[in-house]
Amino acid sequence: MDVINEFDPWDSEMCTCPEKYSLNPYTGCGHRCIYCYSTYIPNFFEPRRKKNVVERVKKDVKKIPEGSLISISNSSDPYIPKDEEHGDTREILKILKKEDMKVLVVTKGVHVRRDIDVLKKMHSAVTISISTLKEDIQEKLEPNAPSPRTRLDLVKSLAVEGISVGVRFDPIFPELTESEIPRVVRKVEEAGAEHIVSSTFKPRGDSWKRFKLAFPEIAEDLEELYFEEGEKIDNSYYVPEEKRKEILGTVAKECEENDIPFATCREDLPSLKTSASCDGSHLLK
Ligand code: SF4
């Protein structure tokens with residue numbers, strides 16, 4: 001296999017995803033989120049096309065069973081700003097539709113709208129990532145990504161078109177964004193999302209450095225929570241389990257009140273899960 005690969009959660013026991021394949025139309029991502037977990041890939045914030053990616057997908061797709069679940073993308077965004085110009089993601093979707101694959105799209109990119117016509121005619125579900133509704137915070141967290149309002153509108157547009165849509169309310173930052181939980185859940189539900197998946201911010205070395213630069217005072221407050229009281233799991237730093245339960249328990253409670261299914265991602269808190277899948281694959285039509 002070349003560009004379609006078995007989804008590999010790095011042997012993490014915390015991962016609750018179903019078996020699936022992973023496909024990243026581009027290498028790297030231009031949204032430049034400071035918390036990004038994929039920056040182990042060289043020059044990650046300088047997204048580039050994969051040579052002959054459409055032809056390579058055509059070949060790979062013949063090697064996997066018909067009706068397989070393919071997640072686009074796990075370590076980049078299929079709707080990087082330049083996809084509007086390149087259009088590789090659209091061409092790939094058309095191939096996957098022809099081969100009757102099931103596709104989960106995860107994105108912050110607005111021009112997923114362009115592909116609604118294709119997504120409507122295939123087995124698809126879309127997850128929009130939203131970490132905050134406060135523009136001043138979002139501009140620092142995700143400097144090149146669309147605004148929170150734009151992303152909520154996107155959830156609405158997809159839902160109105162009959163596409164199953166979930167939201168990755170992720171990551172949630174202690175102190176910085178945890179107070180927004182009730183509002184985010186309410187707004188996301190009002191926009192038409194059918195599922196929410198969340199996790200707490202789990203920095204690695206480089207993402208912590210970026211966070212510290214963007215939010216120095218909050219980073220100072222959180223240093224003890226992460227690096228003295230917390231624990232390191234699978235190369236990421238976690239706040240203590242009690243704090244994770246507090247934050248994600250609040251999301252679960254708000255989801256219950258708003259009648260929206262909920263799951264966590266890599267948190268090992270199965271009692272909070274009310275959704276049939278963590279990744280939204282149960283939404284596939
Ligand atoms: S959108 Fe996802 S892949 Fe792109 S920079 Fe942000 S976190 Fe990383």
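Student: R114, buried or partly exposed?

Tutor: Partly exposed, because its relative accessibility is 27%. Bear in mind that this is a predicted model.

Student: Which residue does R114 form a salt bridge with?

Tutor: With D83. The closest N and O atoms are 2.8 Å apart.

Student: Where do R114 and D83 lie?

Tutor: R114 lies in the loop between β6 (102–107) and α4 (116–120), and D83 lies in helix α2 (residues 83–86), so the salt bridge ties together parts that are 31 residues apart in sequence.

Student: And D83, buried or exposed?

Tutor: Buried. D83 has a relative accessibility of 0%, so it counts as buried.

Student: How many salt bridges does the structure hold?

Tutor: 26.

Student: Give me another one. What does R49 pair with?

Tutor: R49 forms a salt bridge with D88, and the closest N and O atoms are 2.9 Å apart. This pair links distant parts of the chain. R49 is in strand β4 (residues 48–49), D88 is in helix α3, and they are 39 residues apart.

Student: Why does R49 count as partly exposed?

Tutor: Because its relative accessibility is 45%, and partly exposed covers values between 20% and 50%.

Student: What about D88, buried or exposed?

Tutor: Buried, at 5% relative accessibility.

Student: Which residues of α3 are buried?

Tutor: Helix α3 covers residues 88–98. Its buried residues are D88, T89, R90, I92, L93, I95 and L96.

Student: What happens just after α3?

Tutor: D100 takes a positive phi there, about 60°.

Student: Which residues have a positive phi although they are not glycines?

Tutor: D234 is one of them, with a phi of about 50°. N235 is another, with a phi of about 70°.

Student: Where is D234? Where is N235?

Tutor: D234 sits in the loop between β10 (231–233) and β11 (236–238). N235 is in the loop between β10 and β11 too.

Student: How do they count for exposure: D234, N235?

Tutor: D234 is partly exposed, because its relative accessibility is 41%. N235 counts as exposed, at 53%.

Student: Which residues gather in the patch of negative charge on the surface?

Tutor: E6, D8, D11, E13, E19, D234 and D268. So D234, at 41% relative accessibility, is partly exposed, and D234 also belongs to that patch.

Student: Where is E13?

Tutor: In the loop between β1 (4–6) and β2 (21–23). E13 counts as exposed, because its relative accessibility is 77%.

Student: Peptide bonds now. Which ones are cis?

Tutor: The bond from I72 to S73 is cis, with omega near 0°. Another cis bond joins D170 and P171, where omega is about -5°.

Student: Where does S73 lie? And P171?

Tutor: S73 lies in the loop between β5 (69–72) and α2. P171 is in strand β8 (residues 164–172).

Student: Cysteines next. How many disulfides does the structure hold?

Tutor: Zero. C17, for one, is in no disulfide. The cysteine sulfur nearest to that of C17 belongs to C15, 3.9 Å away. The cut-off for a disulfide is 2.5 Å between sulfur atoms.

Student: C17, buried or partly exposed? And C29, buried or exposed?

Tutor: C17 is partly exposed, with a relative accessible area of 25%. C29 is buried, with a relative accessible area of 8%.

Student: Helix α10. Which side chains meet in a salt bridge at 3.2 Å?

Tutor: Those of E246 and K243, N to O. Both residues lie in helix α10 (residues 241–257). They are three residues apart, about one turn of the helix.

Student: How exposed are E246 and K243?

Tutor: E246 is partly exposed, with a relative accessible area of 45%. K243 counts as buried, at 18% relative accessibility.

Student: Which residues are joined into one network by salt bridges that share partners?

Tutor: D83, R90, R114, D115 and D117.

Student: Last one. How far apart are A214 and R183?

Tutor: They are 31 residues apart in sequence and 24 Å apart in space, C-alpha to C-alpha. A214 is found in helix α8 (residues 205–214). A214 counts as buried, because its relative accessibility is 18%.

How values were computed
Residues numbered from 1 in each chain as written. Predicted model: local features only at pLDDT ≥ 70, side-chain atom pairs only at ≥ 80, totals over all residues. Heavy atoms only, no water. Patch = residues over 30% accessible without salt bridge, like charges linked within 9 Å, V, L, I, M, F, W, Y side chains within 5 Å. Areas by Shrake-Rupley, 256 points an atom, 1.4 Å probe, with all protein chains shown as cover. Salt bridge = Lys/Arg side-chain N within 4 Å of Asp/Glu carboxyl O. Lys, Arg positive; Asp, Glu negative; His and termini not counted. Charge placed at Lys NZ, Arg CZ, Asp CG, Glu CD. Helix = DSSP H or I, 4+ residues; strand = E, 2+ residues; numbered from the N terminus. Buried < 20%, exposed > 50% of the residue type's maximum accessible area, 1.4 Å probe, protein only.
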